[in-house]
Amino acid sequence: MKCNNITLIGMPGAGKSTVGVVLAKMLGYRFLDSDLEIQEQTQKRLHELIFEYGQQGFLEIENRINAGIGVSNTVIATGGSAVYGTQAMEHLREISTVVYLKLSYESLKTRLGDLQERGVVMEPGQTLQELMDIRCPLYEKYAHVTVDVDRMDIREIAKRLSEVSVCGRKESNGK
């Protein structure tokens, strides 16, 4: 099957990496965190890349690395800004089922710590709500499947996602 991966997208703090590890174990898949892949390939942490290259430069690096992911039987957790990279997202849609882990503003606000330290791409002075207003339509655009994870724990989310198996299918779960 050409499309035997699952890619998780969503805001920072939505649980992509945590859920991804549990889901990979449930499916017997490998796990790839694209943020860690970026750090490994560049030998720098995300916030260092943003500082050194600026936001646009970081997004270009992220897009290039994500567009080059070539895996099978893998759960891929992307960074929250991955959806800014058209080339990468089209590639990920071709090689995987893209799942948007949707979380409310209130839930997200309680989960997030220092956004700068996390390497979150934001304009100076931009609020979390403004960032969500920009990103959420992109997550919806690229997702084959949307799962509202607001009132679900990690295992519930992973179990729901383990039932997602067909690439290219547009549906909504958990609403």
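The exercises below, with worked solutions, concern a predicted model.

**Exercise 1. Determine how the confidence is distributed along the chain, and which elements mark its extremes.**

Solution. Begin with the chain as a whole: the mean pLDDT is 88, and 87% of the residues score at least 70. Next, turn to the individual elements. Strand S2 (residues 30–33) has the highest mean pLDDT, 98, whereas strand S6 (residues 171–173) has the lowest, 42. Finally, inspect the stretch comprising residues 168–175, where the pLDDT is below 50. In the model this stretch has 23 contacts beyond near neighbours in sequence.

**Exercise 2. Establish which strands pair with S1, in what orientation, and whether the residues of S1 are buried or exposed.**

Solution. Consider first the pairing with strand S4 (residues 96–102): five bridges join S4 to S1, and the two run parallel. Within this pairing, Ile-9 has Tyr-100 as its bridge partner. Consider next strand S3 (residues 74–77), which is joined to S1 by three bridges, again in a parallel arrangement. Here Thr-7 is partnered with Ile-76.

Then examine the burial of S1 (residues 5–9): five of its five residues are buried, and the strand is mostly covered. Asn-5, Thr-7 and Ile-9 point one way from S1, while Ile-6 and Leu-8 point the other way. Residues on both sides are buried.

**Exercise 3. Describe the surroundings of Leu-59 and classify its accessibility.**

Solution. Locate the residue first: Leu-59 lies in helix H3 (residues 46–67). Its relative accessible area is 16%; the cut-off for burial is under 20%, and Leu-59 therefore counts as buried. Now list its contacts, leaving aside residues up to four places away in sequence: Leu-59 touches Ser-81, Tyr-84 and Val-121. As a last step, compare sequence and space for Gly-85, which is 26 residues from Leu-59 along the chain, with a C-alpha separation of 7.0 Å.

**Exercise 4. State how many salt bridges the structure holds, identify the residues involved, and assign accessibility classes to Lys-44, Glu-52, Arg-45 and Glu-48.**

Solution. The count is three. In one of them, the side chains of Lys-44 and Glu-52 meet, with an N to O distance of 2.3 Å. Lys-44 has 25% relative accessibility and so is partly exposed; Glu-52, at 43%, is also partly exposed.

Another joins Arg-45 to Glu-48, whose closest N and O atoms are 3.8 Å apart. Arg-45 is partly exposed because its relative accessible area is 43%, and Glu-48 is partly exposed at 32%. A further salt bridge links Lys-159 and Glu-163, with the closest N and O atoms 3.4 Å apart.

How values were computed:
Residues are numbered from 1 along each chain as its sequence is written. This is a predicted model: local features need pLDDT of at least 70, side-chain atom pairs count only at pLDDT 80 or more; totals for chains, interfaces and linings use all residues. Side-chain values use heavy atoms; hydrogens and water are left out. Helices (H or I, at least four residues) and strands (E, at least two) are DSSP runs, numbered from the N terminus. Buried means under 20% relative accessible area, exposed over 50%, partly exposed in between (1.4 Å probe, protein chains only). Contact means heavy atoms within 4.5 Å. Two strands pair if DSSP finds at least two bridges between them. pLDDT is the predictor's confidence in each residue, from 0 to 100. A salt bridge is a side-chain nitrogen of Lys or Arg within 4 Å of a carboxyl oxygen of Asp or Glu.
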